[in-house]
Amino acid sequence: MAARENQGYLIAVIVLVLLTMLLALMFFLTYMRANDLADAASAAETKATREKAVQDAYRIQADVLMGLLGGLGKSVVEVETSRQELDTLVDKLNNTPDQPFVVDIKKKVDDIALEHEKDMKLFLGPKDQNREETWRGLVKNFGDALSRKYDDLVVSMNEQARIDREAKAAIAAKEQEVEQTKKLLELSQQDLSKKTEEYDTYKTQQDQKFEEFQAKYLKLEQDAGKERATLTGVISERDKELELKVAENTILKKKVDLFQKEEFDIADGEVVRVGNNGTVFLNVGAKDGLKTTRTFSVFNSTDTNFDKNNPKAALEVIKVWDHQAEARVTFDNPLKPILAGDKVINPVWDPGYNVPIALAGTFDIDRDGIDDSERLIQMIKQNGGNVVASHDAEGNVSGEMNSATRYMVVGDSPVAGKTENAEKISRSMRTLLDQSKQYQIQEIDVRKLLNWMGKHSLPVVERLDSEVGNQFRLQGTENDR
């Protein structure tokens, strides 16, 4: 009996030992598997960190490019910070396989920044703390400078044309005087012939009179020649003075380019009240000839210059009463809210008057390669303007200008081979521009006209939630809507 009990205990001990060894083996295998998984997780985390660093390097490169290009959300001031952040990434990836990629990106960014600095020094001169120097700003400066040079050339050509007209008028007057003297001489000769036939005894006396008249004629011829020489000298002196004035004007123009302004026209109305639902109320209405769908640009009450003070907002009239109108805000700037007393401007509408406007050239407003002249005419009429002179797609001129015409809107010249009837349209365009210069009509481009009418292509800002403070998002452009 005791042997059987001992044998049972022995079996139990053997089973217990086997179970213990089995548990130890399972624990060892589990521990090894956990170590392998931990190593794999650590390697994956290290690889993810390096890949994120490379992605950050590409992001920084894009930020620098957008900042130097300008107008894409990043400023030039942020470029240096981004470059320092790129240096930090290079140090962070030291002795890793991804470090050469980031170093190459850093070299490209440094090269781009160096070229940008060279371009700014070459084309803009000394740095100005109040000017953000970007490549897009450089193109705009070039465009503004060319426009001003063209205006100066037009003024100089008009002045030269005036001097030529005065000189030709003076010469024509002297020539007319000579012709009159010739006619008098012919009458005298006829009279002499008659006297000779009638009074032979007085032939000698008549010959003397003829000689006297001939001497007068020669003297008048000499005087006319002297006057021509004098006028020719005056014209030559005027030409020299004009050349000097053009040279002086060129020098002075360089000094005042930054201060050249375009003065305000008289404001068409004012904001009398700002509503709580994105509308404003104006002090003009049906009695002033105002209709719905008219658009206006909004300027501060203290603004006196269109180009220097860009419109802070754009409005579209939705309701009209006798002396007041309600308009909805189609574009505004959260940093420049609309206030009572602000001015509203539309260049093609004056209270009680349809502003006469002329068009010349082609107008691709939305840059889709299609001429939008008819669309522009409808926009001008919709805003109360009156197109008094233009040409159609075949180059046929219609209407005429006079001194009361307010603006000549100049479009693009047709391109031979790309624009139908390009040659005929070019001739019609020159004809209209010559008439515009004759009446000294102000010439503007279509961008400025649309901007003044509140049809500019600036981003439209819309509130996301009126209850969450000043939060805004971009909704595209006016032309996109």
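## Exercises on strands, pairs and confidence

Phenylalanine 296 stands opposite leucine 315 in strand 4. That pairing is a good way into this predicted model, and the exercises below start from it.

**Exercise 1.** Describe the surroundings of strand 3 (residues 295-299): which strands pair with it, and is it enclosed or open?

*Solution.* Begin with the partners. Strand 3 and strand 4 run antiparallel and are joined by four bridges; Phe296 and Leu315 face each other across this pairing. Next, look at strand 6 (residues 343-345), which pairs with strand 3 in the antiparallel sense over three bridges. Here Ser297 has Ile345 as its bridge partner. Now sort the side chains: Thr295, Ser297 and Phe299 point one way, while Phe296 and Val298 point the other way, and all are buried. Finally, draw the conclusion: five of the five residues are buried, so strand 3 is largely enclosed by the rest of the structure.

**Exercise 2.** Place strand 2 (residues 279-282) among its neighbours, and find which residue of its hairpin with strand 1 takes a positive phi.

*Solution.* Take strand 1 (residues 269-274) to start with: it runs antiparallel to strand 2, and three bridges join them. Val271 is bridged to Leu282 of strand 2. Then check the turn of this hairpin, which has four residues between the strands; Gly278 is the residue with a positive phi, near 80 degrees. Move on to strand 5 (residues 325-332), whose antiparallel pairing with strand 2 spans four bridges. In that pairing, Phe281 stands opposite Glu326. To finish, follow the side chains of strand 2: Thr279 and Phe281 point one way, Val280 and Leu282 the other way, and all are buried.

**Exercise 3.** Find the aromatic pair of the structure, classify its geometry, and say why it links separate parts of the chain.

*Solution.* There is one aromatic pair to find. Its members are Phe281 and Trp321, with 6.4 Å centre to centre and 25 degrees between the planes. Planes under 30 degrees apart count as stacked, and the pair is indeed stacked. Now locate the two residues: Phe281 lies in strand 2 and Trp321 in the loop between strand 4 (313-320) and strand 5, so the pair ties together parts that are 40 residues apart in sequence. Compare their exposure next. Phe281 counts as buried at 10% relative accessibility, whereas Trp321, at 40%, counts as partly exposed. One more neighbour completes the picture: Arg273 lies over the face of the Phe281 ring, at 4.0 Å from its centre.

**Exercise 4.** Where does Arg406 sit, and which residue 51 residues apart along the chain has its C-alpha atom 6.6 Å away?

*Solution.* Start with the secondary structure: Arg406 is in the loop between strand 11 (397-399) and strand 12 (407-410). Its relative accessible area is 23%, which makes it partly exposed. The residue you are looking for is Val355; the two C-alpha atoms are separated by 6.6 Å.

**Exercise 5.** How confident is the model along the chain, and which stretches call for a second look?

*Solution.* Take the overall score to begin: the average pLDDT is 78, and 80% of the residues score at least 70. Then turn to residues 251-264, where the pLDDT is below 50 and the stretch has 22 contacts in the model beyond near neighbours in sequence. Residues 457-481 also fall below 50, with 45 such contacts.

Conventions. Residues are numbered from 1 along each chain as its sequence is written. Side-chain values use heavy atoms; hydrogens and water are left out. Buried means under 20% relative accessible area, exposed over 50%, partly exposed in between (1.4 Å probe, protein chains only). Two strands pair if DSSP finds at least two bridges between them. Rings of Phe, Tyr and Trp (its six-membered ring) pair if their centres lie within 6.5 Å; planes under 30 degrees apart count as stacked, over 60 as edge-to-face and the rest as tilted. A charge sits over a ring if NZ of Lys or CZ of Arg is within 6 Å of the ring centre and within 35 degrees of the ring normal. pLDDT is the predictor's confidence in each residue, from 0 to 100. Contact means heavy atoms within 4.5 Å.
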